[in-house]
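Work through the exercises below with the sequence and the 3D structure at hand. Each task is followed by a solution that goes step by step.

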Amino acid sequence: ATGCRDSRDKAGAAGADNHVSIMVGGIDKVIYLPAKLTDQLGYFKQEGLDVKLLTEPAGAQAENVLISGDVQGVVGFYDHTIDLQTKHKCVESVVQMADVPGEVEMVASDKAGQIRSPKDFKGRKLGVTSPGSSTDFLTQYLASKQGLTAADYTTVKAGAGQTFIAAMENGGIDAGMTTDPTVAQLVSTGKGKVLLDMRTEQGTRAALGGLYPSSSLYMDCAYVKAHPQTVQKLANAMVRTLKWIHAHSAEQIAAKMPADYANGGKQLYVQSVKSTIGMFNSDGRMDAGAARNSLKVLGSFSPNVKGKQDTVDLSKTYTTQFVDKAS
Amino acid sequence: MSGEHLSTVDNGAVAMAAEQRSAGVPDLVARRRRRRGAVWAVRLAAVVVWLVGWQLTATYWIDPFYYSKPTAIWSRLVGWFSHGTAFGSIWTQIAVTLEEAVFGFAIGAVAGVVLGIVLGRARFLAEVAAPFIKAANAVPRIVLASLFIIWFGLGMSSKVATAMVLVFFAVFFNAFQGAREVDRNLVDNARILGASRISVLRTIVVPSATSWIFASLHSAFGFALIGAVVGEFTGADKGLGLLINNAQGTFDSAGIYAGMIVVTVLALVAEWLISTAEKRLLRWRPPAASADVQT
Amino acid sequence: MSGEHLSTVDNGAVAMAAEQRSAGVPDLVARRRRRRGAVWAVRLAAVVVWLVGWQLTATYWIDPFYYSKPTAIWSRLVGWFSHGTAFGSIWTQIAVTLEEAVFGFAIGAVAGVVLGIVLGRARFLAEVAAPFIKAANAVPRIVLASLFIIWFGLGMSSKVATAMVLVFFAVFFNAFQGAREVDRNLVDNARILGASRISVLRTIVVPSATSWIFASLHSAFGFALIGAVVGEFTGADKGLGLLINNAQGTFDSAGIYAGMIVVTVLALVAEWLISTAEKRLLRWRPPAASADVQT
Amino acid sequence: MNDPVIELRGATKRFPSGSGPAHTAVRELTMQVAAGEFVAVVGPTGCGKSTTLSLVSGLEPASEGEVLVRGERVRSIPRGVGYMFQNDAILPWRSVLDNVAAGPRYRGASKAAARAKAATWVERVGLAGFAKYYPHQLSGGMRKRVALAQTLVNEPEIMLMDEPFSALDVQTRALMQDELLRLWAGTGAAVVFVTHDLEEAIALADRVVVMTASPATVKGVFAVPLSRPRNVEEVRLTAEFLEIYREVWESLRVEVARAREEASRVG
Amino acid sequence: MNDPVIELRGATKRFPSGSGPAHTAVRELTMQVAAGEFVAVVGPTGCGKSTTLSLVSGLEPASEGEVLVRGERVRSIPRGVGYMFQNDAILPWRSVLDNVAAGPRYRGASKAAARAKAATWVERVGLAGFAKYYPHQLSGGMRKRVALAQTLVNEPEIMLMDEPFSALDVQTRALMQDELLRLWAGTGAAVVFVTHDLEEAIALADRVVVMTASPATVKGVFAVPLSRPRNVEEVRLTAEFLEIYREVWESLRVEVARAREEASRVG
Ligand SMILES: Nc1ncnc2c1ncn2[C@@H]1O[C@H](COP(=O)(O)OP(=O)(O)OP(=O)(O)O)[C@@H](O)[C@H]1O
Ligand SMILES: Nc1ncnc2c1ncn2[C@@H]1O[C@H](COP(=O)(O)OP(=O)(O)OP(=O)(O)O)[C@@H](O)[C@H]1O
Ligand SMILES: O=[N+]([O-])[O-]
Ligand SMILES: [Mg+2]
Ligand SMILES: [Mg+2]
């Protein structure tokens, strides 16, 4: 696809039936591991699909290329579908792999004594991966539940991985939200401590007062409508992977992934997988309550969603039609 | 503003312009003023055509979700300047980015000029250093930006470092070449007249390389701004880069363009200052080359 | 390799080197060979000192988690070249990035040279275009890279476009300045001899600007690679940028450095080719300037 | 005299001079050169001789007055003009042969034809052995001769020559002078020849124009009634020659003295 | 004759010439110049005169043989050397005054002192009115005079001058020649003066060295037994002058003819 274009009409049409491109919002992130794992397990192939996985480190670009039809699916956070609806773009989650964010609010070890809950965020430097990302929204939500406004703390873009760790180590941030393997690395080196663990249902409910759906495969509504068989095959493959995950240990899962993913240290990678796989469900199905909570959280901060909660039609942001058939 | 650098008498067309030029000197001033008027008129027309075209296209044909439209960008700018941004006053963001860029520019330019001229005149050193400098120049700046954040932390210094690197290489290669291109006769003459190596450098090599160096400085402040923005993209709590990044993260294409416009205006202001400095330093030039006196 | 550009006779030191040079011409060849040997020896020594220092520091003092160490980087490189990467053969990644960079370089360089020379000789056009070109140059490349993905899609063309933009500006400003700096006497003489405007451009302006253009081309391929890598960072399924990005995401600092080394080697090879071309084109130069004949 | 090929009518040239008032290099200059005429111009250094040539060549526009070539006002370089500059203007990136071949190439000759033509000219100026040399490998006098060949190879109808022989030794100079006269004879070309060598001026020219000190204007015009063809070596020894020499010299001497005086006074 | 200040012993200079064999510009040149001596060098164009000066100045090393100044081998620019190049080498970005002031500045004078010294020299060469002009605003002859002032303001003990007066009109030239002699007299400076003007050579020099055609070597040395102080205008009319002139001319003529022949043959 080259040349300037207008995507309003053709978004759904692109792509031959068994050729699918999927953009992963960081293919090496453990929270998106099912995408690459499905590929590694050969499940896409077995469904007769030729899936090309692309990667892109942060956020919004994925949606742009989805809507423009360059890719047919995105593996990313569910909340983007709500955000996009407010921009009059219809995108729906077809496989919802997790109902919890998989994010962890970390606190620098030397500040752990002073920051024991979001109450202590006042006057602090709080790291997020990127402004406008889910880590940013969740951080704002956590703070606001304690009655803090944006002026009470500083949001710092700290990226993920080494930049985040370095920032935490040398005082660039006091606390910050991130995912594995950054969490595992911080914990194992003792540079940071877990403040809020949103990798588990329990932790998420405690932190956010409800579930918050995250890792999902979402696609353009028009495409889903036009290619139900293809979407079904994708759902079949991914749900199969989810089940496989539940039937295997972290070590076994880690071993299935490309060796490069463990280049940072095998131990570390296994540890990351171990602490993250708990977030994945085994059926790929969206929990309606979780979706509503997501809207609530977004609605309190996102400049795009704020004040428009009532106009958002959640039923257009996800479907369980395919995963129902898959399982 | 800033038309001075990218503008020159067409030497070759001097005679072609003979008729227009045949009058006296005072007349030239008037003519120059008239021509400046024409230049501005065409520029303005170009901007208007472009903006109107954009607005119409985005309204009727293309998707403003990607391409935004001038009116939306304008209202975003108005919003920023009247109500502030998500990260505080817009002036704070501008000040932060500008400070990073200015420091990066200053350090990078000085380092580039000094090292360029020294290596340009010291053959052995230059040969030894060559592959290392070229290698360093090929390191992607966004990778460097994250390394700098790891090395120098999230504060201003990592952005200054990124800006510095971009400026350094732009300036270095030109200063180096400028120092090489010095007229050998002038150097020989100076040495005969009693100049030490340092004097030769100061009075012959540096002035000779001035137009080379300025050629690179004209684009260098743009690079410094890019460096600051790239650094802010990688990690920051303030700045125009963060603002643009935030706009990207929230599907705010008007915000992206508005941020780019602010960066651009800063670059043009800086460029105007640099051109003014150049004009003063290169006053000795024949008018044809400095586009100053003759039409 | 690639020492040719960043190397020159120190004109000013010619006489200082008089003693060494006092012998005949055949002798010079031998001396040149000896000096090349010395250059390589010093380079090698520098690399060894650096690597050993790094290895020791990373083993005993600093945290190899951030800084990696040479042995780890080496074994990563060996791994890539023997077993491949997470995205397939390393050669595929190299081929993809190289292809993007080469196209971007070619298009950007040609556009930069042509536009630079034309605007360098067309005053009115240049003045009108000046603020726009400078504004465009101040747009951060990583922002552009995302816009290009929106405009051109995820394929190769968006990376080529990013590479092209970086190369274009580097080359444009130098070609422009080079076209301005042409000796007025030479132009006048050519016109008297009967040269048309086009002939003047072709036979006077272009050759005069050659050293300016080459000065920019030396760093331009590095920029093309950076552009390709930046583009791949923004979204891709293959390429060295992806490899580095993946290493960043998996705490593989050895992988980051290994990726940078591969990019660097590509840049140096390209630079060597460019230097060879330059040497051929600038054969007419006095030896002192082209560092060719005299010591 | 037939219709003048070159005509200056009250031509004035002012240069903007940085801060101060404009510098007047040439003031109300009126002179004519007919087809087939050889005019030598002499005058104190810095008076405005080169500026005058540049007005005729169309490279510089006059600030006031008129410059006509073949009766038409000069707006661009007139057809058939050859101009040998006072200072070097040969292309450093071309060999001697290719420098001389430049003119024919520009005027549409094939590469081979241009080179063949250039080769004979390179020989005429005594540089056959240096055809492949680049300018930086030549001596000052050799470079001058390259420029000479470059101009003459085009067989210009109007020849403007600014101290063409100044860097040559006496004998080479005499040879070149003879060569020039031989070539010019019968071509009907109009020649304006600036020189500081009075003997040269008289030996070559039909008329010698003496210019005043800066700003230049015509001080006097001296006809040279020596018959043609002339041998420059021999003609110098004739009585007429010496007489004209004395006249011109007298006229010039006053101007030079005035020029020096003025130069010191202005400061 | 006292100990020579400048001595060349079998000095040879070869230039690498692209592809072919090295070009020999000067071959086995042996000559001496004593303190206080004024030596003029004449020779066919392109023979190697400028090259010889560059050997003495230390700017170019000899390929073979020895070049000694004050008895020491030349390895870098010898102390007290002044060298006026054949071609322009004044700084385009400095005014006339600052160009002339460059030497004193380099040698440590204060800005004010250097300018004051320069100002008298600018006046001596007749450019007082142009002190603030930049080189591109000057005529060819004016630029030459700036270079002359630049060289002389340093009061060099060894003066190397390469056709210093070639772009000047006859009268200005005579004035400059007189000025040069006046300045040089009694300073004990050694002068090597390259010129194409035989009269000039004889009028100024103690000895005239005639060089052979390329590669240059010494063909003949002619002592000029004219008494000093000389007035260059008057001395030309003496019988001795004319006699030496004839001698030197004869010697030179042969060489020039040979030079031309060779140049064409090599090709
Ligand atoms: N671009 C310029 N700006 C200002 N003044 C100039 C410019 N060009 C020439 N002049 C002045 O014009 C006058 C005449 O210069 P021109 O070169 O015509 O002299 P000339 O007669 O050729 O002298 P010469 O015999 O030394 O070559 C000089 O006083 C010079 O300073
Ligand atoms: N860099 C060089 N490379 C090759 N040949 C050179 C170089 N410089 C000078 N030559 C040659 O050396 C010879 C002598 O040159 P030189 O400049 O010394 O002559 P010259 O006697 O000063 O002549 P002129 O009277 O014309 O100034 C010439 O044949 C020239 O071609
Ligand atoms: O790396 N950049 O030049 O944006
Ligand atoms: Mg002149
Ligand atoms: Mg010479």
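**Exercise 1. Determine whether Gln86(D) is buried or exposed, and then describe the magnesium site to which Gln86(D) belongs.**

Gln86(D) has a relative accessibility of 18% and therefore counts as buried, where buried means under 20% relative accessible area, exposed over 50%, and partly exposed in between, with a 1.4 Å probe and protein chains only. The model is a predicted one, in which local features need pLDDT of at least 70 and side-chain atom pairs count only at pLDDT 80 or more, while totals for chains, interfaces and linings use all residues. Residues are numbered from 1 along each chain as its sequence is written, chains are lettered from A and ligands numbered from 1 in the order in which they are written, and side-chain values use heavy atoms, with hydrogens and water left out.

The next step is to look at the metal. The magnesium ion (ligand 4) has Ser50(D), through OG, and Gln86(D), through OE1, as its protein donors, at 1.9 to 2.1 Å; donors are N, O and S atoms within 2.8 Å of the metal (3.2 Å for Na, K and Ca), and sites may look incomplete because water is not among the atoms. This pair links distant parts of the chain, since Ser50(D) belongs to helix H1 (residues 49–57) of chain D and Gln86(D) to the loop between strand E6 (81–84) and helix H2 (96–106) of chain D, 36 residues apart. Helices (H or I, at least four residues) and strands (E, at least two) are DSSP runs, numbered from the N terminus. Ser50(D), with a relative accessible area of 24%, is partly exposed.

**Exercise 2. Find which residues are the protein donors of the magnesium ion (ligand 5).**

The donors are Ser50(E) (OG) and Gln86(E) (OE1), which lie 1.9 to 2.1 Å from the ion. Here Ser50(E) sits in helix H1 (residues 49–57) of chain E, and Gln86(E) in the loop between strand E6 (81–84) and H2 of chain E, 36 residues apart. As for accessibility, Ser50(E) is partly exposed at 25%, and Gln86(E) is buried at 18%.

**Exercise 3. Examine how the side chains of Arg36(C) and Glu127(B) meet, and where each residue lies.**

The two side chains form a salt bridge, with 3.3 Å from N to O; the term stands for a side-chain nitrogen of Lys or Arg within 4 Å of a carboxyl oxygen of Asp or Glu. This pair crosses between chains, from helix H2 (residues 25–60) of chain C, which holds Arg36(C), to helix H6 (residues 123–137) of chain B, which holds Glu127(B). Arg36(C) is partly exposed at 29% relative accessibility, whereas Glu127(B) is buried at 1%.

A further step widens the view: Arg35(B), Arg36(B), Arg123(C) and Glu127(C) are linked in a network of salt bridges, and a search of the whole structure finds 53 salt bridges over all chains.

**Exercise 4. Locate the salt bridge between Glu64(E) and Arg14(E), and work out which parts of chain E this pair ties together.**

The side chains of Glu64(E) and Arg14(E) meet at 2.6 Å, N to O. Glu64(E) is in strand E4 (residues 64–69) of chain E and Arg14(E) in strand E1 (residues 4–15) of chain E, so the pair ties together parts that are 50 residues apart in sequence. Glu64(E), at 41% relative accessibility, counts as partly exposed, and Arg14(E), at 23%, also counts as partly exposed.

**Exercise 5. Identify the backbone features at Pro229(D), Pro229(E), Glu28(E) and Glu163(E).**

Start with the prolines. A cis peptide bond joins Arg228(D) to Pro229(D), with omega about -5°, and Pro229(D) is in the loop between strand E10 (218–223) and helix H7 (232–235) of chain D. In chain E, the bond from Arg228(E) to Pro229(E) is cis, with omega near -5°.

Then turn to phi. Glu28(E), although not a glycine, has a positive phi of about 40°; Glu28(E) lies in strand E2 (residues 23–34) of chain E and is exposed at 54% relative accessibility. Glu163(E) has a positive phi near 50°, and Glu163(E) is buried at 5% relative accessibility.
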